[in-house]
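Dear colleague,

I am handing over the structure we spoke about, and I would be glad if you kept it open beside this message while you read. My notes on what was found follow directly below it.

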Amino acid sequence: MSENQGTILIVEDDPRIQKVLYRLFHDQGYQTEIAPDGQAGVESFQSCSPVAVVLDLILPRLSGLEVCKHIKRVSPETPVLMLSAVSEVVDKVLLLELGAEDYVTKPFSPRELLARVQASIRRRRKPEPTLTYKFGDCEIDFLKMTARKDGGKITLTAHEFKLLRFFTENPERVLSRDELLNVVWGYNSYPTTRTVDNQILKLRQKLESDPANPRHLQTIYGAGYKFAP
């Protein structure tokens with residue numbers, strides 16, 4: 001067996017297909033998490049941090065469309081491959097517009113499905129993260145966990161470094177509070193989005209020249225936050 005390649009979340013209510021997909025990915029070194037309905041799929045996604053999701057379109061409790069929308073809202077980078085007996089063009093277009101990376105119609109070739117999932121994972125692999133970052137009059141070393149502003153040392157907590165690093169890896173992209181909680185805090189359930197607001201308030205006080213009118217950590221009302229280098 002190959003070394004662990006990460007977890008594939010399988011959201012599928014047919015036990016026969018669950019078994020086929022389990023064997024398919026397990027033999028290639030992936031761990032698998034199987035959810036038998038849409039609601040379980042959403043809950044499993046929040047707990048297992050999969051490298052990709054294989055998602056049936058027609059599911060009990062919550063449809064594949066709704067599950068796909070949820071995943072793309074909280075983690076747009078996670079590849080989602082849709083699986084269904086439905087082959088109408090309008091469904092394929094809708095799913096791709098929602099952010100699904102690919103669409104395979106049942107009955108499917110396991111080898112083709114595996115190839116498509118692995119191709120989606122390769123496309124979404126992030127480049128090596130930047131270890132140092134400069135913006136404005138700030139200089140951050142994420143490896144040494146040191147920060148300077150105007151040449152003077154400032155102190156950031158481990159969570160503040162983690163939050164700032166995610167912002168610098170996603171410049172100019174609007175990040176929702178739910179996505180920040182999921183990626184930076186890794187909560188299985190969301191206690192309150194005020195956690196994010198309070199953390200960003202502290203970062204502004206440490207990094208911005210005018211925290212009341214932030215230049216780099218901007219609020220996008222009704223959507224979340226955006227980092228402007």
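In this predicted model, strand E4, which covers residues 80-84, pairs with E5 in the parallel sense, and 4 bridges hold the pairing. One of the residue pairs to look for here is Met82, whose bridge partner in E5 is Tyr103. On the same sheet you will find helix H5 (residues 110-124), which packs against the strands and touches E1 (7-11), E3 (52-56), E4 and E5, while its direction makes about 175 degrees with that of E5.

These strands belong to an open sheet of 5 strands, arranged in the order E2-E1-E3-E4-E5 with parallel pairing. Strand E2 (31-35) and strand E5 (102-105) each have a single partner strand, so they stand at the edges and leave one side without a neighbour in the sheet. From one strand to the next, the twist averages 20 degrees. When you look at the side chains, it may help to remember that in a regular strand they alternate between the two faces of the sheet.

It is worth stepping back to the whole chain for a moment. The protein chain has 8 helices and 11 strands, and buried residues make up 45% of its 229 residues. The chain exposes about 12000 Å², of which carbon and sulfur atoms supply 50%. If you consider the contacts between residues at least 6 apart in sequence, 57% of them join residues that are at least 24 apart.

The other sheet I would like you to examine is an open one of 4 strands, in the order E6-E7-E8-E9, and here the pairing is antiparallel. Its edges are strand E6 (132-135) and strand E9 (152-154), each of which has a single partner strand, so that one side of each is left without a neighbour in the sheet. Neighbouring strands of this sheet are turned by 20 degrees against each other on average, if direction is ignored.

Within this sheet, E6 and E7 run antiparallel and are joined by 4 bridges, and Phe135 has Cys138 in E7 as its bridge partner. The two strands form a hairpin with 2 residues between them, and Gly136 in the turn has a positive phi of about 55 degrees. Cys138 also has a bridge partner in E8, namely Lys149. Strand E7 (residues 138-141) and strand E8 (residues 146-149) are likewise antiparallel and joined by 4 bridges, with Asp141 paired to Thr146 in E8. Helix H6 (residues 158-169) packs on this sheet, touching E6, E7 and E8, and its direction makes about 105 degrees with that of E7.

E7 and E8 form a hairpin too, with 4 residues between them, and Met145 in its turn has a positive phi of about 55 degrees. Phe142 is found in the loop between these two strands. Is Phe142 buried or exposed? Its relative accessibility is 7%, and because the limit for a buried residue is under 20%, Phe142 counts as buried. Although Phe142 and Leu164 are 22 residues apart in sequence, they are 9.3 Å apart in space, C-alpha to C-alpha.

Turning to the interior, the largest nonpolar core has 25 residues, and those with the most contacts inside it are Phe167 and Leu180. The elements that give two or more residues to this core are E6, E7, H6, helix H7 (177-185), helix H8 (194-207) and strand E11 (224-227), with the largest share, 5 residues, coming from H6. Leaving aside residues up to four places away in sequence, Leu180 touches Leu163, Phe166, Phe167, Leu175, Trp185, Val196, Ile200 and Tyr225. There is also a second, separate core of 19 residues, which includes Leu55, Leu59, Cys68 and Ala100.

Finally, please look at how H7 and H8 meet. Their axes are 9 Å apart and the helices pack at an angle of about 80 degrees, and since angles of 65 to 115 degrees count as roughly perpendicular, H7 and H8 are therefore roughly perpendicular to each other. On the H7 side the residues involved are Arg177, Leu180, Leu181 and Trp185, and they meet Thr195, Val196, Asp197, Gln199 and Ile200 in H8.

With best wishes

Notes. Residues numbered from 1 in each chain as written. Predicted model: local features only at pLDDT ≥ 70, side-chain atom pairs only at ≥ 80, totals over all residues. Heavy atoms only, no water. Pairing = 2+ DSSP bridges. Axes fitted to C-alpha atoms, helices over the stretch in contact; angles between N-to-C directions. Contact = heavy atoms within 4.5 Å. Buried < 20%, exposed > 50% of the residue type's maximum accessible area, 1.4 Å probe, protein only. Areas by Shrake-Rupley, 256 points an atom, 1.4 Å probe, with all protein chains shown as cover. Core = buried A, V, L, I, M, F, W, Y, C linked by side-chain atoms within 4.5 Å. Parallel < 35°, antiparallel > 145°, perpendicular 65-115°, else oblique.
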